[in-house]
Amino acid sequence: MTTKIILTGFMATGKSAVGHLVAKQLGWRFTDTDREIVARAGKPIATIFAEHGEPRFRALERETIAMLVNDPRLCPQSGNPLPEVISTGGGALVDERNCAMLKRAGIVMCLTARPEVIAARVGRSATRRPKLLEGNLPLEERIRDLMAERAAAYARADITIDTSDLSPVQVAERIIDAFVAREKARCRPSA
Ligand code: S3P
């Protein structure tokens with residue numbers, strides 16, 4: 001059985017809010033890699049970028065992902081790895097090592113949204129998202145550029161869900177449906 005659902009995708013596509021809902025509905029643990037990084041570093045992400053640079057943040061992100069996917073604890077009932085929903089930061093999948101680790105651990109679902117929807121959702125919180133400040137471009141233009149730059153990385157996900165016109169509850173339902181469908185297909189005996 002697949003015991004990890006990994007939510008990834010561009011900033012402000014709802015990964016954390018939806019991840020929380022999915023975990024609650026399945027009765028699984030929920031972990032947000034950005035939160036883990038902030039807790040481990042003892043400072044906000046924007047400060048990690050400003051004081052130590054993006055490479056340090058990416059190293060912390062990779063270490064955090066490795067720690068989560070290699071968690072040795074097992075479910076006492078099933079003997080499988082602990083079931084968990086993991087939300088990653090928007091740039092995590094760009095590093096092929098992260099992508100490989102996450103795909104080995106479970107099903108990787110990429111949340112996406114139209115650039116104008118993301119710009120509206122980000123609003124003033126753009127100042128807390130260092131990748132959106134790069135180049136000093138108008139917000140929507142920067143979102144389009146970064147999305148295009150990352151398109152190949154996001155395409156490595158197992159499933160993509162466009163959240164533009166969906167509520168977090170609807171996105172959570174789609175995720176659970178996709179997960180159940182995949183598990184059923186995996187269990188079906190081959191002819
Ligand atoms: C980043 C996304 C952020 C955070 C960091 C870098 C990115 O997470 O990890 O600011 O490179 O896209 P969210 O996607 O949760 O905002």
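**View 1. The buried face of helix 5 in the predicted model**. Helix 5 spans residues 96–105, and its buried residues are Asn98, Cys99, Met101, Leu102 and Ala105. These residues line one face of the helix, because they fall within an arc of 165° when helix 5 is seen down its axis. In general, residues of an α-helix that are three or four places apart point the same way, because each turn takes 3.6 residues.

**View 2. The exposed face and the surroundings of helix 5**. Glu96, Arg97 and Arg104 are exposed, and they sit on the face of helix 5 that is turned away from its buried side. The buried residues, by contrast, are covered by elements that include strand 1 (4–9), helix 4 (54–69) and strand 4 (107–112).

**View 3. The start of helix 5**. Here a side-chain oxygen of Asp95 comes to within 2.8 Å of the backbone nitrogen of Arg97. Arg97 is also one of the exposed residues on the face turned away from the buried side of helix 5.

**View 4. The residues around the ligand**. The ligand is surrounded by 13 residues, of which Lys15, Asp34, Arg58, Arg129 and Arg150 are the closest.

**View 5. Polar contacts to oxygen atoms of the ligand**. A polar atom in the side chain of Arg58 is placed 2.6 Å from a ligand oxygen atom. The side chain of Arg150 has an N or O atom 2.7 Å from an oxygen atom of the ligand. From Gly91, a polar backbone atom lies 3.2 Å from a ligand oxygen atom. On its own the ligand has 380 Å² of accessible area, and the protein covers 92% of this area.

How values were computed
Residues numbered from 1 in each chain as written. Predicted model: local features only at pLDDT ≥ 70, side-chain atom pairs only at ≥ 80, totals over all residues. Heavy atoms only, no water. Buried < 20%, exposed > 50% of the residue type's maximum accessible area, 1.4 Å probe, protein only. Helix = DSSP H or I, 4+ residues; strand = E, 2+ residues; numbered from the N terminus. Arc of directions from axis to C-beta. Contact = heavy atoms within 4.5 Å. Polar contact = N/O pair within 3.5 Å; in protein donor to acceptor, adjacent residues only side chain to side chain. Near = heavy atom within 4 Å. Areas by Shrake-Rupley, 256 points an atom, 1.4 Å probe, with all protein chains shown as cover.
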